[in-house]
Amino acid sequence: MKKICVLGLGYIGLPTASLFATHGHQVVGVDVRPRVLETLNHGSVHIEEPGLKTIVQAALRSGNLVVRPVPEPADVFIIAVPTPLVGRPDEGESPIGNCDDQETDLQQASLSFVCGAAESILPHLSRGCLVVLESTSPPGTTARLVAPLLERSGLRAGIDFRLAYCPERVLPGRILEELVRNNRIIGGIEPQSAEEACELYRAFVEGEIFTTDALTAEMVKLMENTFRDVNIALANEFARLAEQLGLDVWQAIDLANRHPRVRILKPGPGVGGHCIAVDPWFIAEAAPDLTPLIQTARRVNDAMPRHVVELVRGACPPSAAGARTVVACLGLSYKADVDDVRESPALAVIDLLESQGYAVQAYDPHVRPGTRSCQVGSLDSALDGAAVVVILTDHADFRRLRPEQFVGARGAVLVDTRNALGRDLWEASGWHVIRLGDGSARD
Ligand code: SAJ
């Protein structure tokens, strides 16, 4: 049994801390946000994720997990804090304290939370400790930033204490299942660090664990998410092409994917979340001249919210009948069935619509109230007087919607950016349906 201090009780830190605690380790979960500690101490959780509440409660009840505002001496320190882009603080608050970043023109990773977390460990670091960085980070962070920072303790990384990079690779919505089942990559600043981290994670990881050096592990993580971003950008480019050429991209992608070696992802209103919309910039930042494809993909995906707004404008201008046109936006989170709005393209669409003079009524059953001032508490309130309904997130609840539930919507324009609702059904009920990427039915 080891004493493990997990720094940052967010989407990754909290489930990781709970898994170690329910597998026999003594865990101190650290977060500087009082609201988070309070929620946990009341037996609740601040994140919507299947199975999370049950395992957190079990861990707390067992006494193997305690939550604290500051770290304490331990055998292992795991850093699981956000690494947002500079100028886009992750929900505004650091879970662990921060240090200053230098602003530049580039889209750059903010490592202030990582620095803050590492600094908070310093007084407690001792000979034989293992420190693991889990936060997605630009190449070189473990060896060139975290190691020297921890060496301010007077101890030497890789000699007096072990240091490894062990990125999480789990899909929000399936975090617990994937934390256990996925393969893991662990990179040490020397082999013994990787070995010790590997032994630690075997407590609950059932997938294979592959060890390498820290730099390679950092790049592997970034390459995975960049691969996905580029593939989604391709799908989005195909979608816009299809609109212009007059075909249905959803059908075309489905048919192309019947090829044994083709797997095109889905177009949509843009790419959100704290990973795929962010991580490719970490590679671009390391070598701006060598990454034209990666940067273009980012820009293609970032342009999608504006394109969605153009689709709305094409169907219904901001003030069609004197009064402001009401648009019901269904979905605020960055993808289906999660409560996470970080980098959500839905928010970008909503902001753009408002800036162009539309009156937006936004509804999302998963997202906490007050995320946007135009947010309303029910589907009916969102639809009330709406001339256009825009599907921005394909929650299971939304996929089940039927035309007869849309009584409050005055107009009959439905913009479906996720191919979430069957076009035929809605057209049969008199709706004018505009699906992103579908030029086959345009006037
Ligand atoms: N999206 C599309 N089309 C698609 C798939 C996704 O537009 O075909 C959009 C989603 O709507 C969403 C965004 O992309 O806005 C990202 O969603 P996602 O489900 O692709 O990924 P994340 O951000 O939830 O999780 C990713 C995962 N990475 C990969 O699949 C390579 C996960 O395994 C990582 O652990 C996670 O990033 C992370 O933390 O880095």
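## The sheet

In this predicted model, eight strands come together in an open sheet with mixed pairing, and their order is S3-S2-S1-S4-S5-S6-S7-S8. The edges belong to strand S3 (65–68) and strand S8 (209–213); each has a single partner strand, so one side of each has no neighbour in the sheet. Direction ignored, neighbouring strands of this sheet are turned by 25° against each other on average.

As background, strands of a sheet pair through backbone hydrogen bonds, and the pairing is either parallel or antiparallel. Here, strand S4 (residues 76–79) and strand S5 (residues 130–133) run parallel and are joined by four bridges. If you want a place to start looking, take Val76, whose bridge partner in S5 is Leu130.

## A helix on the sheet

Helix H8 (residues 214–245) packs on this sheet, where it touches strand S6 (162–165), strand S7 (184–188) and S8. The direction of H8 makes about 120° with that of S8.

## The cysteines

How many disulfides does the structure hold? There are zero. A disulfide is a covalent bond between the sulfur atoms of two cysteines, and the cut-off used here is a sulfur pair within 2.5 Å.

Two cysteines show how this works out. For Cys316, the closest cysteine sulfur is in Cys329, 13 Å away, which is too far for a bond. For Cys374, the closest cysteine sulfur is also in Cys329, at 7.0 Å, and that too is too far for a bond. Are these two residues buried or exposed? Cys316 is buried, with a relative accessible area of 10%, and Cys374 is buried at 8% relative accessibility.

Key:
Residues numbered from 1 in each chain as written. Predicted model: local features only at pLDDT ≥ 70, side-chain atom pairs only at ≥ 80, totals over all residues. Heavy atoms only, no water. Pairing = 2+ DSSP bridges. Helix = DSSP H or I, 4+ residues; strand = E, 2+ residues; numbered from the N terminus. Axes fitted to C-alpha atoms, helices over the stretch in contact; angles between N-to-C directions. Contact = heavy atoms within 4.5 Å. Buried < 20%, exposed > 50% of the residue type's maximum accessible area, 1.4 Å probe, protein only.
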